[in-house]
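Please open the structure in the viewer and keep the selection panel at hand. The tour proceeds by selections, each followed by a description of what is found there.

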Protein chains: 2
Amino acid sequence: MLSIRPAVRSDAVLLNSLIHEFADFYKFPVSISEEQLLSDGFGPEPRFQALIAEFSGQPAGYALFFDYYASFHGGAIFLEDLFVRTQFRGTGAGKALLARVAATGVERGCRRIMLNVLSSNDPAVGFYRKLGAGFLDDWKVVCFEGNSFGALLTSDRATTAD
Amino acid sequence: MLSIRPAVRSDAVLLNSLIHEFADFYKFPVSISEEQLLSDGFGPEPRFQALIAEFSGQPAGYALFFDYYASFHGGAIFLEDLFVRTQFRGTGAGKALLARVAATGVERGCRRIMLNVLSSNDPAVGFYRKLGAGFLDDWKVVCFEGNSFGALLTSDRATTAD
């Protein structure tokens with residue numbers, strides 16, 4: 001049987017392991033640790049929430065999300081990760097996690113979920129498309145990190161010093 | 001002279017007006033109101049932060065952002081809006097706003113800014129590219145809202161009722 005439950009403090013080990021499994025799946029670098037997850041997600045001011053899916057008592061996947069703010073419309077949820085372990089694909093865990101994320105959104109007064117999907121991940125793209133999600137193909141995802149972030153900082157110091 | 005300052009409660013009228021101006025620029029629907037911005041951004045638990053750029057005392061633009069959580073790396077900032085009014089383009093307001101967003105990130109312990117840009121907005125794409133931003137072209141922006149969000153909710157109730 002499939003069940004979905006909120007991740008709690010004692011799930012930090014499991015969550016860290018699932019996040020690393022997800023990153024490995026994408027072959028993406030990952031620097032998160034159990035300690036950081038504990039402090040960021042399960043302290044006095046949590047920066048994210050997570051759900052764990054279990055199938056017959058085994059951890060089958062997870063969802064990690066946080067509040068988003070759509071300036072044109074108001075509050076929303078950003079779904080950072082939705083991952084189901086390979087051996088649990090087809091159990092309905094992904095859809096059940098996503099449905100519970102939506103329900104959490106409603107509890108917070110919003111009816112909108114934003115997420116990014118890797119376009120080469122055909123099963124994921126197909127999954128979201130089948131559920132009727134809108135694909136905002138006109139938008140590009142942009143990131144400042146490393147050198148480009150450092151350059152912004154330098155420019156701020158220059159402005160402040162003027 | 002250009003200056004950047006955090007938006008405060010009494011800026012809700014101005015912020016609402018700038019957001020509507022930004023939405024009009026894109027010709028996007030917008031349902032946000034001054035009342036909602038007051039309650040979401042300037043109450044006891046702000047869902048976003050905003051900066052106002054002023055040029056010679058005139059409002060020139062704004063940035064609206066909030067905390068993001070990159071599960072593979074930790075905290076980040078999501079820059080939802082960066083807008084400079086047409087008549088203030090070329091004053092450096094956009095770069096100064098972005099630099100101050102980066103500085104705010106550092107105060108919160110993170111060195112990463114995520115944002116979405118409309119691919120047809122050549123000046124904006126060029127602006128971010130010139131500043132060295134990474135374009136994550138492999139990613140698609142996906143959204144559940146309206147009917148697709150409602151369908152997720154129905155599916156959650158069905159699971160819970162099982």
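How many helices and how many strands does chain A have? Select chain A and display it as a cartoon: five helices and seven strands appear. Please bear in mind throughout that this is a predicted model. Followed from the N terminus, the elements of chain A come in the order β-α-α-β-β-β-α-β-α-β-β-α.

**Chain A as a whole**

Reduce chain A to its C-alpha trace, which spans about 65 × 35 × 35 Å along its principal axes. Of the 162 residues in chain A, 53% are buried. Next, display the surface of chain A, which exposes about 7300 Å²; carbon and sulfur atoms supply 53% of that area. Among the contacts in chain A with a separation of 6 or more, 56% are made by residues 24 or more positions apart.

Colour the charged side chains of chain A. There are 15 positive and 18 negative charges, and the mean positions of the two sets are 8 Å apart. Side chains of opposite charge can pair when their charged atoms come close. Over all chains, the count comes to 16 salt bridges. The next stops visit three of these salt bridges.

**First stop: a pair within chain A**

Select Arg5(A) and Glu54(A) and show their side chains. The two form a salt bridge, and their closest N and O atoms are 3.3 Å apart. Why does this pair tie together parts that are apart in sequence? Arg5(A) belongs to strand E1 (residues 2-6) of chain A and Glu54(A) to strand E2 (residues 49-55) of chain A, so the salt bridge links parts 49 residues apart in sequence. Is Glu54(A) buried or exposed? With a relative accessibility of 18%, Glu54(A) counts as buried, because the cut-off for buried is under 20%. Arg5(A), at a relative accessible area of 25%, is partly exposed.

**Second stop: from chain B to chain A**

Now select Arg47(B) together with Asp67(A). Their side chains meet in a salt bridge of 3.8 Å, N to O. Arg47(B) is found in the loop between helix H2 (34-41) and strand E2 (49-55) of chain B, while Asp67(A) is in strand E3 (residues 58-70) of chain A, so this pair joins two chains. Both residues count as partly exposed: Arg47(B) has a relative accessibility of 23%, and Asp67(A) has one of 33%.

**Third stop: another pair between the chains**

Select Glu145(B) and Arg112(A), which form a salt bridge with their closest N and O atoms 2.6 Å apart. This pair crosses between chains, from strand E7 (residues 139-145) of chain B, where Glu145(B) lies, to strand E5 (residues 112-118) of chain A, which holds Arg112(A). Glu145(B) is partly exposed, its relative accessible area being 37%, whereas Arg112(A) counts as buried at 16% relative accessibility.

Return to Arg5(A) and Glu54(A), and add Asp11(A) to the selection. Salt bridges with shared partners join Arg5(A), Asp11(A) and Glu54(A) into one network.

**Last stop: the two copies**

Finally, select chains A and B together. How many degrees of turn lay chain B on chain A? A turn of 180 degrees, with a shift of 0.0 Å along the axis, places chain B on chain A with an RMSD of 0.0 Å. The two copies are therefore related as by a two-fold rotation axis. Both copies use the same surface, for 100% of the contact residues of chain B recur in chain A.

Methods:
Residues numbered from 1 in each chain as written. Chains lettered and ligands numbered in written order. Predicted model: local features only at pLDDT ≥ 70, side-chain atom pairs only at ≥ 80, totals over all residues. Heavy atoms only, no water. Helix = DSSP H or I, 4+ residues; strand = E, 2+ residues; numbered from the N terminus. Buried < 20%, exposed > 50% of the residue type's maximum accessible area, 1.4 Å probe, protein only. Contact = heavy atoms within 4.5 Å. Areas by Shrake-Rupley, 256 points an atom, 1.4 Å probe, with all protein chains shown as cover. Lys, Arg positive; Asp, Glu negative; His and termini not counted. Charge placed at Lys NZ, Arg CZ, Asp CG, Glu CD. Salt bridge = Lys/Arg side-chain N within 4 Å of Asp/Glu carboxyl O. Least-squares fit on C-alpha atoms with pLDDT ≥ 70 in both.
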